[in-house]
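Got the viewer open? Let's take a short walk around some aromatic rings, one selection at a time.

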Amino acid sequence: MHADQKLTIGRATRVLEERLRPAVHSDPHPLTLAAHRVNGEPIPVAKGLAGPFEPLPVGSAWGRAWDTTWFQVTGRVPASFTQKRVEAVVDLGFDVDMPGFQCEGLVYLADGTPVRSLHPRAQWVPISARAVADEKIEFFIEGASNPVLLDHHPFLPTERGDWDTAGDELLYRIRRVDVCVFEAEVFELVHDIDVLLQLAVELPEDSTRRARILRALDRALDRVDLQHVAATASAARAELAPALAAPADASAQLISAVGHAHIDSAWLWPLRETVRKVARTTSSMVTLLDEHPEFVYAMSSAQQYAWLRDERPEVFARVKQAVAEGRFVPVGGMWVESDAVLPGGESLIRQIAYGQRFFGEEFGIECRGAWLPDSFGYSGALPQILAGAGYEWFLTQKMSWNQQNTFPHHTFLWEGIDGTRIFTHFPPMDTYGAELSGKEIARAAQQFREKAEASSSLAPTGWGDGGGGTTREMIARAARLADLEGSAKVRWETPDDFFARAKAELPDPPVWRGELYLELHRATYTTQHKMKQGNRVSEQLLRQAELWAATAAVRAGAEYPFDVLDDAWREVLLLQFHDILPGSSIAWVHREAAERYERLAHTLHAVIEQALAALGVRAVDAGGAPAGHVIVNPAAVTQRGVPAGAVGAGQPRATVRAYAHGDTFVLESDAVRVVVDAAGHVISAIDRAGGRDAIPAGEVGNLLQLHQDFPNKWDAWDVDTHYRGMGQDIAGGVASLHGDAIVVRTDFGASTIGQRLTLSDDGRTLVIDNSIDWHETEKFLKLAFPVDVFGDQVVAETQFGHHTRPTHENTSWDAAKFEQHTQRWFLLEEPGFGVAFLNDCSYGFDVTRTAHDGRIVQHARFSMLRAPRFPDPRTDQGVQRMRFGVVVGAGVPDAVAAASRFTAPVIEAVGSAVEPLVRSSDDAVVVSAVKLADDRSGDLVVRVYETRGGRARTVLTLPAGSVVAADLLERPGDAVASQQTEGGVSVALELRPFQIRTLRVRRA
């Protein structure tokens, strides 16, 4: 850089930051401040406005962690401010580097009208556009003293993540409460200089445009009297006008700015605080919409709108009006921005169904695209789900966070596991919280992968997480960047308009096939086990509750519990938010979520019991065979001779023999023979049909392994490859025989694990029931099974199907998948033989390869528990339960069936047989959901999918009625040919690999 250029940039930077920005608000006069501290949870606005208030001088400390303080600000407009624009400036003690992660405020007028939020990047409050001398000033601030948990050392353990451990220290100190003149011309000068300076820094040093901008900046600064900035601002602006008027090149890219504030529904704050973050942000945004007609703002998550409606109706009314005007744009159509790999398939469908229903009922709109900028990877099942729900496009940004490999596209077609494609865009700006800075604009233009054929990209613009959304400063930048030489063009635009243009200019986009695996945050498949357990149990109970409630409605005329099931689904969907289910929130969030899961289980068990009772079936304790004994089969496959979704007499359990043999123990059935040594290790697992042992000679399974786990960053989120460098096999297990089970106890460190090894009802699956009293720190617990299976890929279940991943590390893309996720099963196989691994509530696993005596041994490892210390310093401490299953001699069909039985075992009951509502003639096609339609018409909704990755033909047997096809939102389509059967109808279906089909039966 030339010396004179350095001097100009340095001069302009200092003048801008030290003299010009502070001069935007001039002639400060102090206002009077009083405060009312709220003990406990936040109070309604009316109570907050009522006080009582005590004087609080500027400089006073306020706010314990998570407390609420209501402030009253009063004063008079000075006579010298007459006819000027007047604003108050309030600094609650902000750290300007941390918007959204510290204290925040929402300003109210005395009548309860919400005005705008206060945060580090917007400390001003409008008082009057044309002030009157001695005009009364009065407003109120609902102040939230949320603690700074990221700080400047963001991964240090903290006890401030829960109310009970946060302490009584007052965290903030009032710095300023003044009434000032807003100097509009100085504000404009600030942004003239700001935009040109940032542009110049990004331009090549030897470019003509850069030289001319810096010369204009020098001339402008020569016109500024630093002691009389307001009086000389116009002269300075005149020097910059030509540089700002120079138009952009014809080939300049077009960046569509969309006002946005990515607000995590919970993270470093509890759910209840998100309600207020949303209220604060949306209040500011509707005010900004009123002031800037070109501005467009988009917000996702029906749950956040519902919170406003229910908890902050005064704010929701303003939002609803802005939505009606078409400039406050609901996007995404989902209940929350959920995790996109851990929820089950039905959950992902219901995220959309409940979200779109809310937007339709409240606003009369339907979102056309999915908006998931921050989830931790994206299942290959999503394209079919999104398209099947009527979506036209998908947006994310998270793939820019990859640790190792740069994703090769920004605008492309994403092809799912079934072949469905959806138009997708990744903002090349690499952020979902843009400021429209020169660096961001330059990055977007430089990185845009499709720029040879297309010119359009999108920039979600605004501070998130309570940082207040878009600011007037960002709007000022956008105005100057609309058509500026040397820069990409910027204009405000709705996401739908952007995607329409992007599709038109790129008619033949590149294609990416399969999952979008994020090379980061892999530990979220395991962290906070109770979140994973609660989600899986809730999903299973919801499926069963719908199944039996629908069966009771059709077979016995029972009332279908729509409201109870709707409430339960919304609760589960909320807890699938991408910082709750993944386990990356503070202790308060996870403690509260665990309590919610317990209540959900109680509610759903009651629904199931009531539905079965209406069918004349009563559950009993397992083990007995009383008169009228039947079994209830909630699985999607036949169990013990009872069809899926039916109640029947059933077959007896398989005969299992458990015995000691020398210094080993044996579990044996007609299907398998499992040998366990005295330490609890599986030394042999033989498929008796083929006589093949799955355990390689000299190796042992059921081997506990403990690793040091201290990632480079993002403690709760990440596991880095170096964790494998420090690990050990856990020795000292003691096995004993207890009836038909082998019981193993292993002590290690400060922890204990108890295991119960049995064979499943059908004698095919080795079941390992684990109870772990976990008290380790920064450790990663794995359970390993070496298998004598040679192959180069692992098959893992995803929503509505499965995908394959390599078990080798040929490329950097392969090596990056060192920790993987699954739904209920994964499989290692070679032609003719495989071993499937099942879980009841765990998602993480890995497969490692070692060479012994010229042969390759693959080690399948369940990821059991972690112990990160941030943001929850006691993650997973205490007793944890999880079950694993090992199926020897299995292929994909066996894995699918075994996983269904494993996660939905039969219920022992007394009563009469109940025929299933739905039967599929082909085992490859399973029933995903049986329910009554959401529209409460009484129609039966049935969803099926193909499980094996091949073509399938099936005949569905259904209750009597006319049958129509439906989309994933249950909207009826074309009639489906059916034939009458005894007591019902049958429908012949053909399905593509992994295809989902939904039918509606309009009952006669």
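Start by selecting tryptophan 717: its relative accessibility is 2%, so it counts as buried, given that the cut-off is under 20%. Keep in mind that you're looking at a predicted model. Now add tryptophan 714, which has 16% relative accessibility and therefore counts as buried too.

How many aromatic pairs does a search of the whole structure find? It turns up 46.

For one of them, select phenylalanine 316 and phenylalanine 363. Their ring centres are 5.9 Å apart and their planes meet at 40°, so this pair is tilted. Colour by helix and you'll see where each ring comes from: phenylalanine 316 sits in helix H8 (residues 313-324), while phenylalanine 363 belongs to helix H9 (residues 345-363), so the pair ties together parts that are 47 residues apart in sequence. Both phenylalanine 316 and phenylalanine 363 are buried.

Now hop back to tryptophan 714 and tryptophan 717, because these two rings form a pair as well: with 5.1 Å from centre to centre and 75° between the planes, it is edge-to-face, the label for angles over 60 degrees.

Next, widen the selection around phenylalanine 316. Ring pairs link Phe316 and Phe363 into a cluster with Phe295, Tyr297, Tyr305, Phe328, Trp335, Phe358, Phe359 and Trp492.

Last stop: charges over rings. Pick lysine 398 and tryptophan 401, and you'll find the charged end of the lysine over the tryptophan ring, 3.3 Å from its centre. Then go to tyrosine 843, where arginine 536 lies over the face of the ring, 4.6 Å from the ring centre.

Notes
Residues numbered from 1 in each chain as written. Predicted model: local features only at pLDDT ≥ 70, side-chain atom pairs only at ≥ 80, totals over all residues. Heavy atoms only, no water. Phe/Tyr/Trp six-rings, centres within 6.5 Å; stacked < 30°, edge-to-face > 60°. Helix = DSSP H or I, 4+ residues; strand = E, 2+ residues; numbered from the N terminus. Buried < 20%, exposed > 50% of the residue type's maximum accessible area, 1.4 Å probe, protein only. Lys NZ or Arg CZ within 6 Å of the ring centre and 35° of its normal.
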